[in-house]
Amino acid sequence: MTHSAAVEDHPLLPRIEQALDTIRPYLAADGGNVRVLGISDDMVLQLELLGACGTCPMSPMTLKAGVEESVKKAVPEIRAVEAINLTPMSEQPAGQTGHPQSPAPVPTPQF
């Protein structure tokens, strides 16, 4: 994959940013965001996951089901979306395996 000219000058950038702006409130609600880093010559959008998105165990699913679908719908020229700093599930911090654990029950006081 080769990189094209500066992303700021890419003719698709305004449409991509507009698509990302539609999902940013959802990312921000969980403490995250995304930043466009580049668009390859073979039309792969490269993003950086910011904030909580960088280590969230749901980031791979959010990237594919949310971000990629929104961008590809608005900008069909984009073939794929990849996060260059996505933490693989095998490297997630302990306790963040993508399977939420039920909270421990709180004992009911006896009166």
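**Helix H1**

Where in H1 does a kink lie, and shortly before which proline? In this predicted model, the kink is found at Ile23, shortly before Pro25, and amounts to about 45 degrees. Helix H1 covers residues 13-29, and its 17 residues should span 24 Å at 1.5 Å a residue. The C-alpha atoms at its two ends are 24 Å apart, in agreement with that expectation. After H1 comes Gly31, which has a positive phi near 85 degrees.

Seven positions of the helix are listed by name as buried: Leu13, Ile16, Ala19, Leu20, Ile23, Arg24 and Leu27. Ile23 is thus both the site of the kink and one of the buried residues of H1. The buried residues pack against strand E1 (32-39), strand E2 (44-51) and helix H2 (59-74).

**The sheet**

The strands form an open sheet of three, in the order E1-E2-E3 and with mixed pairing. E1 and strand E3 (80-83) occupy the edges; each has a single partner strand, so one side of each is left without a neighbour in the sheet. From one strand to the next, the twist averages 35 degrees.

E2 and E3 run parallel and are joined by four bridges. Within this part of the sheet, Val44 stands opposite Ala80 in E3. In general, strands of a sheet pair through backbone hydrogen bonds, in either a parallel or an antiparallel manner.

**Helices across the strands**

H1 lies across E1 and E2, and runs at about 160 degrees to E1. H2 lies across E2 and E3, and its direction is at about 145 degrees to E3. E2 is therefore crossed by H1 and also by H2, while helix H2 is itself among the elements against which the buried residues of H1 pack.

**Salt bridges within H1**

The structure holds six salt bridges. Side chains of opposite charge can pair when their charged atoms come close. Arg24 takes part in a salt bridge with Glu17, where the closest N and O atoms are 2.9 Å apart. Arg24 also forms a salt bridge with Asp21, with the closest N and O atoms 2.6 Å apart.

Asp21 and Arg24 are separated by about one helical turn, because they are three residues apart in helix H1. An α-helix has 3.6 residues a turn, so residues three or four places apart point the same way. Arg24 has a relative accessible area of 15% and is buried, below the 20% limit for that class. Its two acidic partners count as partly exposed: Glu17 has 25% relative accessibility, and Asp21 has 45%.

**A salt bridge between loops**

Arg79 forms a salt bridge with Asp42, the closest N and O atoms being 3.4 Å apart. Arg79 belongs to the loop between H2 and E3, and Asp42 to the loop between E1 and E2, so the pair ties together parts that are 37 residues apart in sequence. Both residues count as partly exposed, with relative accessibility of 49% for Arg79 and 34% for Asp42.

Salt bridges that share partners also join Glu17, Asp21 and Arg24 into one network.

Note on methods: Residues are numbered from 1 along each chain as its sequence is written. This is a predicted model: local features need pLDDT of at least 70, side-chain atom pairs count only at pLDDT 80 or more; totals for chains, interfaces and linings use all residues. Side-chain values use heavy atoms; hydrogens and water are left out. The expected span of a helix is 1.5 Å times one less than its number of residues. The bend at a residue is the angle between axes fitted to the seven residues ending there and the seven starting there. Buried means under 20% relative accessible area, exposed over 50%, partly exposed in between (1.4 Å probe, protein chains only). Contact means heavy atoms within 4.5 Å. Two strands pair if DSSP finds at least two bridges between them. Axes are lines fitted to C-alpha atoms, for helices over the stretch in contact, and angles run from 0 to 180 degrees between N-to-C directions. A salt bridge is a side-chain nitrogen of Lys or Arg within 4 Å of a carboxyl oxygen of Asp or Glu.
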